[in-house]
Amino acid sequence: MKRLVILRRCEPIVRFSCCSVRYADCRHNHAASTGGYAVDGCREFIANGEEGSIAALKCSACGCHRSFHRRVQVYEVAWDCESDESSSSSSS
């Protein structure tokens with residue numbers, strides 16, 4: 001007699017949470033007054049002072065305000081796959 005085995009797949013539960021914000025390359029156009037486009041090449045915002053002070057809003061690498069730098073949100077992704085069988089067998 002043949003046996004039929006049915007496998008149940010569980011749907012993964014994906015949770016996204018915003019961990020932190022960092023500031024990437026500088027987008028300050030230094031040639032805007034002449035009608036051109038030129039950026040200084042600063043690749044990452046480095047705060048000039050302590051967090052919470054006014055100096056922390058100025059980049060120590062290029063001297064621009066933090067708002068000229070591209071804002072990047074870093075997300076944390078958590079995958080979870082729970083099935084009824086695994087929870088019932090562990091409680092037995």
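**Reading salt bridges, burial and confidence in a predicted model**

Biologist: Which residue forms a salt bridge with Arg27, and how far apart are the closest N and O atoms?

Modeller: Side chains of opposite charge can pair when their charged atoms come close. In this predicted model, the partner of Arg27 is Asp25, and their closest N and O atoms lie 3.5 Å apart.

Biologist: How many salt bridges does the structure hold, and which residues are linked in a network of them?

Modeller: The structure holds 2 salt bridges. Asp25 also meets the side chain of Arg70, with an N to O distance of 2.9 Å. This pair links distant parts of the chain, since Arg70 belongs to strand β2 and Asp25 to strand β1, 45 residues apart. Asp25, Arg27 and Arg70 are thereby joined in a network of salt bridges.

Biologist: Is Asp25 buried or exposed?

Modeller: Burial is judged from relative accessible area, with under 20% taken as buried and over 50% as exposed. Asp25 has 16% relative accessibility, so Asp25 counts as buried. Both arginines fall in the intermediate class: Arg27 is partly exposed because its relative accessible area is 46%, and Arg70 is partly exposed because its value is 35%.

Biologist: What should I look for around a buried side chain such as that of His69?

Modeller: One may examine its location, its polar partners and its contacts in turn. His69 lies in strand β2, which covers residues 69–80. His69 is at 4% relative accessibility and therefore counts as buried. Its side chain reaches the backbone oxygen of Ala24 at 2.9 Å. Beyond residues up to four places away in sequence, His69 touches several cysteines, namely Cys26, Cys42, Cys59, Cys62 and Cys64. Its other contacts are Tyr23, Ala24, Asp25, Glu44 and Phe45.

Biologist: Which residues make the nonpolar surface patch?

Modeller: The patch is made by Val14, Phe16, Tyr75, Val77 and Trp79, and its area is about 580 Å². Strands β1 (13–26) and β2 are the elements that give two or more residues to it. The largest share, 3 residues, comes from β2. Tyr75, one of the patch residues, lies in strand β2. At 48% relative accessibility, below the limit of over 50% for exposed residues, Tyr75 is therefore classed as partly exposed.

Biologist: How many helices and strands are there in the protein chain, and in what order do the elements run?

Modeller: The chain has 1 helix and 2 strands, and from the N terminus on the order is β-β-α. Of its 92 residues, 13% are buried. Its accessible surface comes to about 7,800 Å², and carbon and sulfur atoms account for 52% of that. Among contacts between residues at least 6 apart in sequence, 54% join residues at least 24 apart.

Biologist: Where in the protein chain is confidence lowest, and where is it highest?

Modeller: Where pLDDT is low, the predicted coordinates should not be read in detail. Over the whole chain the mean pLDDT is 81, and 77% of the residues reach 70 or more. Among the elements, helix α1 (residues 84–91) has the lowest confidence, at a mean of 49, whereas β2 has the highest, at 83. Over residues 86–92 the pLDDT is below 50, and this stretch has 0 contacts in the model beyond near neighbours in sequence.

Definitions and conventions. Residues numbered from 1 in each chain as written. Predicted model: local features only at pLDDT ≥ 70, side-chain atom pairs only at ≥ 80, totals over all residues. Heavy atoms only, no water. Helix = DSSP H or I, 4+ residues; strand = E, 2+ residues; numbered from the N terminus. Buried < 20%, exposed > 50% of the residue type's maximum accessible area, 1.4 Å probe, protein only. Polar contact = N/O pair within 3.5 Å; in protein donor to acceptor, adjacent residues only side chain to side chain. Contact = heavy atoms within 4.5 Å. Patch = residues over 30% accessible without salt bridge, like charges linked within 9 Å, V, L, I, M, F, W, Y side chains within 5 Å. Areas by Shrake-Rupley, 256 points an atom, 1.4 Å probe, with all protein chains shown as cover. Salt bridge = Lys/Arg side-chain N within 4 Å of Asp/Glu carboxyl O. pLDDT = per-residue confidence, 0-100.
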